[in-house]
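User: Please take a close look at one part of this model, the nonpolar core and the helix packing around it, and give me one connected account that I can follow alongside the coordinates.

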Amino acid sequence: MSDNKRLIGDDEKDDDDTNLSVYEDDEEEDEIPWITWFCTLKGNEFFVKVDEEYISDDFNLTGLSSMVSFYEYALDMILDLESPGEEDLTDEQQQLVETAAETLYGLIHARFILTMRGMKLMEEKFRSVAFGRCPRVMCCGQSVLPVGQSDILREASVKVFCPKCEDIYYPCSTRHRSLDGAFWGTTFPHLFCICNPTLFSSVTKPVYSYVPKIYGFRVRKQKK
């Protein structure tokens, strides 16, 4: 520190220290965990917050290191840890790490929601209709669940599964249609229904199907 700065008067110094302390406190209050930040982004409403304890267990991440580039950096970013050599990354590499962190979190998320804890968090979203309702008229607004058509990355976007008609549809909001279906996987909604029978005890398959008519007369299918 220069001599000039050391000659600050006591009153002025106290004011500066107080202002600096307030600034640091505000800065700390503004910082939120990466997981919280990611899950509150617009378009990420289908995600739940994966427990850090689950992510910190290497057993739960088996096989993921070969699926995600910059794996160690991405994992540290998710857990809000400082990575050795992080300051040496170029801006382009830093962007790749951020993308890798989102991909890694999605893959971890697909495993987490198959646990009892994960299912409980997904149940809360299901009850609040956070995933939307079935667009099929005969399903009478049945709440839906997210599902992937593949467990492999970049093969299909996320869809929603209706427990009533047992079919899948595109999410109602277009901002959800760019999400990778592998982040929820092919198993989740079906295992969820089996593990929560009381939630679906009153859910029955639609009795009626839409009947096309012209001037009140049923349209007969043309013979080929």
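**The core and its helices**

Analyst: Read from the N terminus on, the elements of the protein chain follow the order α-α-α-α-α-α-α-β-β-β-α-β-β, which amounts to eight helices and five strands. The model is a predicted one, and local features are taken only where pLDDT is at least 70. Of the 224 residues in the protein chain, 38% count as buried, and among the contacts with a separation of 6 or more, 62% are between residues 24 or more positions apart.

The largest nonpolar core has 55 residues, and within this core Ile55, Leu104, Tyr105 and Trp184 touch the most other members. Two or more residues each are given to this core by helix H3 (34-39), helix H4 (52-56), helix H5 (71-78), helix H6 (91-112), helix H7 (116-127) and helix H8 (188-195), and also by strand E1 (145-147) and strand E2 (159-161). The largest share, eight residues, comes from H6, and that helix is a suitable place to begin.

Leu104, named above for the number of core members that it touches, is in contact with Leu64, Val68, Tyr71, Ala74, Leu75 and Ile78 once its neighbours within four places in sequence are left aside. Several of these partners reappear in the packing of H5 against H6, where the axes are 8 Å apart and the angle is about 70 degrees. At that angle, H5 counts as roughly perpendicular to H6. On the H5 side the contact is made by Tyr71, Tyr73, Ala74, Leu75, Met77 and Ile78, while H6 brings Gln94, Val97, Glu98, Ala100, Ala101, Leu104 and Tyr105. By class, the residues of this contact of H5 with H6 are eleven nonpolar, one polar and one charged.

Arg111 also lies in helix H6, and with a relative accessibility of 28% this residue counts as partly exposed. Not counting residues up to four places away in sequence, Arg111 touches Tyr54, Asn60, Leu61, Thr62 and Leu64, and Leu64 is also one of the contacts of Leu104. The C-alpha atoms of Arg111 and Leu61 are 8.8 Å apart in space, although the two residues are 50 apart in sequence. For a reader who wants to inspect the polar atoms here, a polar atom of the Arg111 side chain lies 2.8 Å from the backbone oxygen of Thr62.

The next helix to consider is H7, which holds Gly118. Gly118 counts as buried, because its relative accessibility is 0%. With residues up to four places away in sequence not counted, Gly118 touches Phe112 and Ile113. Gly118 and Val50 are separated by 68 residues in sequence, yet the distance between their C-alpha atoms is 7.4 Å.

H7 also meets H8, and here the two axes come within 11 Å and cross at roughly 90 degrees. That crossing makes H7 roughly perpendicular to H8, as H5 is to H6. The residues involved are Met119, Met122, Glu123 and Phe126 in H7, together with Phe188, Leu191, Phe192 and Cys195 in H8. The contact of H7 with H8 is made up of seven nonpolar residues, one charged residue and no polar residues.

Beyond the helices, three loop residues deserve attention. Cys140 is found in the loop between H7 and E1, and has a positive phi of about 55 degrees although it is not a glycine. At 65% relative accessibility, Cys140 counts as exposed. Glu166, which lies in the loop between E2 and strand E3 (168-169), likewise has a positive phi, near 55 degrees, in a residue other than glycine. Glu166 counts as partly exposed, since its relative accessibility is 47%. As background to both values, most residues other than glycine have a negative phi.

The remaining loop residue is Ser157, found between E1 and E2, two strands that themselves contribute to the core. Leaving aside neighbours within four places in sequence, Ser157 is in contact with Arg177, Leu179, Asp180 and Gly181. In the case of Arg177, the backbone oxygen lies 3.5 Å from a polar atom of the Ser157 side chain.

Terms used. Residues are numbered from 1 along each chain as its sequence is written. This is a predicted model: local features need pLDDT of at least 70, side-chain atom pairs count only at pLDDT 80 or more; totals for chains, interfaces and linings use all residues. Side-chain values use heavy atoms; hydrogens and water are left out. A nonpolar core is a set of buried Ala, Val, Leu, Ile, Met, Phe, Trp, Tyr and Cys residues joined through side-chain atoms within 4.5 Å. Buried means under 20% relative accessible area, exposed over 50%, partly exposed in between (1.4 Å probe, protein chains only). Helices (H or I, at least four residues) and strands (E, at least two) are DSSP runs, numbered from the N terminus. Contact means heavy atoms within 4.5 Å. A polar contact is a pair of N or O atoms within 3.5 Å; within protein, one must be able to donate a hydrogen and the other to accept it, and residues adjacent in sequence count only if both atoms are side-chain atoms. Axes are lines fitted to C-alpha atoms, for helices over the stretch in contact, and angles run from 0 to 180 degrees between N-to-C directions. Angles under 35 degrees count as roughly parallel, over 145 as roughly antiparallel, 65 to 115 as roughly perpendicular and the rest as oblique. Ala, Val, Leu, Ile, Met, Phe, Trp, Tyr, Cys and Pro count as nonpolar, Asp, Glu, Lys and Arg as charged, and the others, Gly among them, as polar.
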